[in-house]
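Student: Could you take me closely through the nonpolar interior of this model, and through what lies around it?

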Amino acid sequence: MSEKIHYLLHGIQDRYNALYQENIAELGEQDIVVASIGGSGQSLLGNILLELGLNYADPYIDALSADGTSHPVPAYADYRSRLSATDQNTWLESDQERPRWPRFVKTHLAPEFLTPRPLLGAWILIRDPRDSLYSWCKFRTDFAKDPLDLRSRTFEEWLEQPGPTGINRLDDWSSFYEAWGSALPHFQRTTVTTFEDLKNDPVAALQKNLNDLAVRAQEADITRAVDRSRRGLPRCWGRRAACAPLGRDVAMRPAAGHRPVHGPRGCPVTRSAEHVPARRGRAT
């Protein structure tokens, strides 16, 4: 089997595992998918939504039900423990006050995987690829420790390896967000969040996002949820050595042969699209 096919099968399994395939059948007309490439900050966003008292589910580690509830799968307990609200997120028979709808559902899949389901909306989370791809690489090599990812000696080598769709990681990033940008008109409710806004001005960003999705939330409640989630960040990212801010350890080189990087309409990539991130040294 060729290396490309190895990566293709590995990548699709990573984003589209057996549990996720089962959970797709439970999605319906009151579900809003939260779409992002790995390393874009979805753990942070999901934890904020849970702290806000909203229903956020992770189909990669939870068993979803059509009635809006979800339950942790024991095999993924270590992954769940990264963030406090996510770790404590479970449904009890006595839990009557917690709202079930809309349910926010995490995905790293292109929209074509979800088109058979009558979804309510889409929330796109996007981060500068020079940060998100490095963070995703660190997760794959430091936390998941996948043997195929560990074959890359440097971050730059990892970028060039075929990813989930058989193309290099930067082209995969671009294709993912182009696909979701094109799919937005097919949903009743849509919004876009940049990780940069989520970090720098989270309350204002989330107020707009939730308003776009017709979800009511008070500013004071959002502020409290953000503060609680920020206090939990070391628990989430300390072990996975998340990407440091762009700076002296980043070497930029021309992106010869790469397509331009595009995000969804209204969500431009803020840094030059004519460069590819390259961190010096090994990826591990």
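Tutor: In this predicted model, the largest nonpolar core comprises 33 residues, and those with the most contacts inside it are Tyr20, Leu114, Leu133, Phe155, Trp158, Tyr177 and Trp180. At least two residues of this core come from each of α2 (18-24), β1, β6 (121-126), α6 (129-143), α8 (155-160) and α9 (169-183), and α9 gives the most, with 6 residues. As a general background, nonpolar side chains tend to be buried together in soluble globular proteins.

Trp158 deserves a closer look: leaving aside residues up to four places away in sequence, Trp158 touches Leu133, Trp136, Cys137, Arg140, Asp149, Ser152 and Arg169. Separate from the largest core there is a second one, of 24 residues, which includes Leu49, Val215, Ile222 and Ala225.

Leu49 leads to helix α3 (residues 42-51), where 9 of the 10 residues are buried, so the helix is largely enclosed by the rest of the structure. The buried residues of α3 are Gln42, Ser43, Leu44, Leu45, Gly46, Asn47, Ile48, Leu49 and Leu50, and just after this helix Gly53 takes a positive phi of about 90 degrees.

To return to β1, one of the elements that supply the largest core, this strand spans residues 31-35 and contains Asp31. Asp31 has a relative accessible area of 1% and is therefore buried, the cut-off being under 20%. Again not counting residues up to four places away in sequence, Asp31 touches Glu26, Trp101, Arg103, Val105, Leu119, Leu120 and Gly121.

Terms used. Residues numbered from 1 in each chain as written. Predicted model: local features only at pLDDT ≥ 70, side-chain atom pairs only at ≥ 80, totals over all residues. Heavy atoms only, no water. Helix = DSSP H or I, 4+ residues; strand = E, 2+ residues; numbered from the N terminus. Buried < 20%, exposed > 50% of the residue type's maximum accessible area, 1.4 Å probe, protein only. Contact = heavy atoms within 4.5 Å. Core = buried A, V, L, I, M, F, W, Y, C linked by side-chain atoms within 4.5 Å.
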